[in-house]
Amino acid sequence: MKVAVFNTHKFEKEYLIKANANRHNLKLLDSYLTLDTTVLAEDCEGICIFTQDNGSAPVLDKLHEMGVKYIALRSAGYNNVDIAHAKSLGLRVVRVPDYSPNAIAEFTVAIILALNRKLIRSHYRIMEMNFSLDGLVGFDMHGKTVGIIGTGKIGRIVAKILHGFGCHILAYDAMKDQSLVEECKATYTDLDTLCSQSDIISLHVPLMEQTHYLINEAQIAKMKKGVMLINTGRGGLVNTQDVINGLKSQQIGYYGMDVYEEEEGLFFEDHSEDILQDDMIARLMTLRNVMITSHQAFLTDTALGNIAQTTFENLDCLEQGLPCKNEVL
């Protein structure tokens, strides 16, 4: 079938073409899916979208009017799509629930280490012929308490890696993972206790109504002075202004972010010639104890290959009218 692939990035194009293997007629588009760009899906039975594409009700209405039947997400998260409205229109929505939890978990630990040992600052010093060690003191990971908020596929791996460093693991999740308790001596506790006792806190829960701004002024106040906060989950899990205030007061000692609530139109794009309009991220960029990456945690060859492969397996099921295990119900 003919599929409009919105928001196609250079880094994923070869993986998509290879995984498709000429099975479907792909229309690879640079444009984001918006109400104005729905016209690009003319004559297409399906569309394929990424995390920053707009799947709101008005957009879905327009796509439905045009004859689009299927929406394939190249991501695990689907908070950018109005699923209930899609179902009311008879649109089938599929996703990629598991592409490489290791990629994101490993990147999370990389941010922790880079912030702790001030690797970015050290690198730039060396490039300027400054070999001084002043201001580069870090801390031993061994013996530190790490709070993992969300112990699903990614959080579980983060916990296991950090257990290998000799960290004590506190966990917060509605579902208790007994393997973490047995293998990593993890202790499940409530959010307040996790925040108050952890030296490092890492976020790995999905974004939903209950988790929106899970980290806010009240929770930050309960944290240890100088805590390290890491977000490789979803931008909306934290109230960014509250985090900035926490950094300014030194309640938060380190902040690592791979996701940002206002990343649409900012991340994945080259703005090197533009005037930055976002005051919050501009403020964060001035702080030496903040590390910002552009939604990069998933970006490994394994993950990209798996995303592309699963996407076209999903589309095959839809085209053949078969049940799909990755359908969002």
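Visitor: What makes strand β10 and strand β11 a pair in this predicted model?

Guide: Two strands count as paired if there are at least two bridges between them. Strand β10 (residues 227-231) and strand β11 (residues 252-257) are joined over five bridges, in the parallel sense, and therefore meet that condition. One point of reference is I230, whose bridge partner in β11 is G256.

Visitor: To which sheet do β10 and β11 belong, and what is the strand order?

Guide: They belong to an open sheet of seven strands with parallel pairing, in the order β8-β7-β6-β9-β10-β11-β12.

Visitor: Why are β8 and β12 called edge strands?

Guide: β8 (187-188) and β12 (290-292) each pair on one side only, and these are the edge strands.

Visitor: Which helix lies across β10, β11 and β12, and how is its direction described?

Guide: That is helix α10 (residues 240-248), which runs at about 140° to β11. Angles over 145 degrees count as roughly antiparallel and 65 to 115 as roughly perpendicular, so about 140° falls under oblique.

Visitor: What does UniProt record for residues 110-297?

Guide: An unreviewed UniProt entry gives this span the annotation "domain: D-isomer specific 2-hydroxyacid dehydrogenase NAD-binding". In the model, residues 110-297 are 34% helix and 16% strand, and the end C-alpha atoms lie 10 Å apart. The feature "domain: D-isomer specific 2-hydroxyacid dehydrogenase catalytic", also from an unreviewed UniProt entry, is placed at residues 4-328. Over residues 4-328 the chain is 37% helix and 14% strand, with 20 Å between the end C-alpha atoms.

Visitor: How do you know that β1 and β2 are paired, and in which sense?

Guide: Strand β1 (residues 2-5) and strand β2 (residues 25-28) share four bridges in the parallel sense. The condition is at least two, so they qualify as a pair. Within this pairing, V3 stands opposite L26 in β2. Between the two strands the chain passes through helix α1 (residues 10-20), and this β-α-β crossover is right-handed.

Visitor: What makes β2 and β5 the edges of their sheet?

Guide: The sheet is open, with five strands in the order β2-β1-β3-β4-β5 and parallel pairing. β2 and β5 (92-94) each have a single partner strand, so one side of each lacks a neighbour in the sheet. From one strand to the next, the twist averages 20°.

Visitor: Which helix packs on this sheet, and what is its direction relative to β4?

Guide: Helix α12 (residues 301-319) touches β1, β2, β3, β4 and β5, and its direction makes about 165° with that of β4. Angles over 145 degrees count as roughly antiparallel, so α12 is roughly antiparallel to β4.

Visitor: Why is α1 called oblique to α12?

Guide: Their axes come within 8 Å and cross at roughly 45°. That crossing makes α1 oblique to α12, because the angle is neither under 35 degrees nor in the range 65 to 115. The crossing is right-handed. Among the residues that meet are F11, Y15 and L16 in α1, with L304, A308 and F312 among those in α12.

Visitor: What makes α4 oblique to α6?

Guide: The axes of helix α4 (residues 101-116) and helix α6 (residues 153-164) come within 8 Å and cross at roughly 50°. The crossing angle therefore makes α4 oblique to α6. α4 passes α6 in a right-handed crossing. Residues in contact include I104, V109 and I112 in α4 and I154, I157 and L162 in α6.

Conventions: Residues numbered from 1 in each chain as written. Predicted model: local features only at pLDDT ≥ 70, side-chain atom pairs only at ≥ 80, totals over all residues. Heavy atoms only, no water. Right-handed = clockwise from strand over helix to strand, strands pointing away. UniProt positions renumbered as here; feature names shortened; annotations may be inferred. Axes fitted to C-alpha atoms, helices over the stretch in contact; angles between N-to-C directions. Left-handed = near helix turned anticlockwise from the far one by under 90°. Contact = heavy atoms within 4.5 Å.
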